[in-house]
Amino acid sequence: MDNKAMYKLSYGLFVLSAKTGEKENGCITNTAIQVASDPNQISFAVNKANYTHDMVMDTKKCNLSVISEEADFELFKHFGFQSGRDVDKFAGYTKLDYAANGIPYITAGTNAFFSIDVRQAVDLGSHTLFIGEPSAMEVLSEAPSATYGYYQSSIKPKPEKPARSEGGKTVWRCKICGYEYVGETLPEDFICPICKHPASDFEKVG
Ligand code: FE
């Protein structure tokens, strides 16, 4: 079995936002798709480690902002590489507007948004698959949607240097955010401390 086949799947990129009481939060997801047309239904999967996951599970309401090729790396760092448990991601954040459901959506580096009423939540282990119906949707820009491949090739900064050798030790680099782990073997259950992706998203470099 060649696990590299997984990299041939294509994905879009989205900011998933939710609100519980006064708390607003958002995270990056790559798995939103239309899964039915009558009624129109959209599914998206969210890692259970994300604070936004619990908020959507609680409220059954959220917005999906579609990330475009005009997005900068800051957008990914802001919503993807820190947790709403530690910081208020919407404090002072100005590139947003509010949908009729009262939840913010992102207006810069995005080309559309959807407000979703969640109807089903399917437990998939690491993730929950949410399925819902849009209660609102708007086009925000004509810029093309960013694919995960576009993020890797054109948005994520290239490493400035070859990986540090650290006295000849092996370096593993997170393919999502660039975090580097030094050690001969990367533990199978290792989770990237920056972007929370698993060991399978690391590559041996240097
Ligand atoms: Fe990472």
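# A tour from the E3 edge to the iron site

Start by selecting isoleucine 33, which sits across from serine 43 in E4. Keep in mind along the way that this is a predicted model.

**Stop 1: the hairpin**

Now widen the selection to strand E3, residues 33-37. Its neighbour is strand E4 (residues 40-47), which runs antiparallel to E3 and is joined to it by four bridges. Further along the pair, alanine 36 faces glutamine 41 of E4. How many residues make up the hairpin connection between E3 and E4? Two residues link these strands.

Zoom in on the turn and pick aspartate 38 and proline 39. The peptide bond between them is cis, with omega at about 0 degrees. Proline 39 belongs to the loop between E3 and E4. As background, most peptide bonds are trans.

Before you leave, colour E3 by accessibility. The strand is hardly covered, and the count of buried residues among its five residues is zero.

**Stop 2: the seven-stranded sheet**

Zoom out to show the whole sheet that E3 belongs to. Seven strands make up this open, antiparallel sheet, in the order E2-E1-E5-E8-E9-E4-E3. Strand E2 (23-29) and E3 are its edges, each of them pairing on one side only. From one strand to the next, the twist averages 35 degrees.

Next, bring up helix H2, residues 73-80. H2 packs on the sheet and touches E1, E2 and E5, and its direction makes about 120 degrees with that of E2.

Then add H1. This helix lies across strand E1 (14-20), E2, E4, E5, strand E8 (110-123) and E9. Relative to E1, H1 runs at about 55 degrees.

**Stop 3: lysine 60**

Follow the chain out of H1 and select lysine 60. This residue is in the loop between helix H1 (51-59) and strand E5 (61-67). What is the sign of phi at lysine 60? Phi is positive, at about 60 degrees, although the residue is not a glycine. For context, most residues other than glycine have a negative phi. Lysine 60 has a relative accessible area of 33%, so it counts as partly exposed.

**Stop 4: histidine 127**

Stay with the sheet and select histidine 127, in strand E9 (residues 127-139). Draw a C-alpha to C-alpha distance from histidine 127 to phenylalanine 44: it comes to 9.8 Å, for two residues that are 83 apart in sequence.

Which residues does histidine 127 contact, leaving aside its neighbours within four places in sequence? They are Ala45, Val46, Asn47, Lys48 and Val122. Histidine 127 counts as partly exposed because its relative accessibility is 28%, a value between the 20% and 50% limits used for buried and exposed.

**Stop 5: across to the second domain**

Colour the chain by domain, with domain 1 as 3-152 and domain 2 as 158-206. The C-alpha centres of the two domains are 26 Å apart. Select the contact between them, and you will find seven residues from domain 1 and eight residues from domain 2.

**Stop 6: the three-stranded sheet**

Now show E10, E11 and E12. These three strands form an open sheet in the order E11-E10-E12, with antiparallel pairing. Its edge strands are E11 (180-182) and E12 (202-205), each pairing on one side only. Neighbouring strands here are turned by 30 degrees against each other on average, direction ignored.

Strand E10 (residues 171-174) runs antiparallel to E12, with four bridges between them. One pair to pick out is valine 171 and its bridge partner in E12, valine 205.

**Stop 7: the iron ion**

Finish by centring on the iron ion. Which atoms coordinate the iron ion? Its donors are the SG atoms of Cys174, Cys177, Cys192 and Cys195, at 2.3 Å. The angles among the four donor atoms are 101 to 117 degrees, and the site is tetrahedral. The ideal angle for four tetrahedral donors is 109.5 degrees. Along the sequence, the donor spacing reads C-x2-C-x14-C-x2-C.

Among these donors, cysteine 174 in strand E10 and cysteine 195 in the loop between E11 and E12 link distant parts of the chain, 21 residues apart. Are these two cysteines buried or exposed? Cysteine 174 and cysteine 195 are both buried.

For a last pick, select lysine 196, also found in the loop between E11 and E12. Lysine 196 has a positive phi of about 70 degrees although it is not a glycine. At 40% relative accessible area, lysine 196 is partly exposed.

Key
Residues are numbered from 1 along each chain as its sequence is written. This is a predicted model: local features need pLDDT of at least 70, side-chain atom pairs count only at pLDDT 80 or more; totals for chains, interfaces and linings use all residues. Side-chain values use heavy atoms; hydrogens and water are left out. Two strands pair if DSSP finds at least two bridges between them. Axes are lines fitted to C-alpha atoms, for helices over the stretch in contact, and angles run from 0 to 180 degrees between N-to-C directions. Donors are N, O and S atoms within 2.8 Å of the metal (3.2 Å for Na, K and Ca); water is not among the atoms, so sites may look incomplete. Four donors count as tetrahedral if all angles lie between 85 and 135 degrees; four count as square planar and six as octahedral if opposite donors are over 155 degrees apart and all others between 65 and 115; anything else is irregular. Buried means under 20% relative accessible area, exposed over 50%, partly exposed in between (1.4 Å probe, protein chains only). Domain bounds come from an automatic or database domain assignment. Contact means heavy atoms within 4.5 Å.
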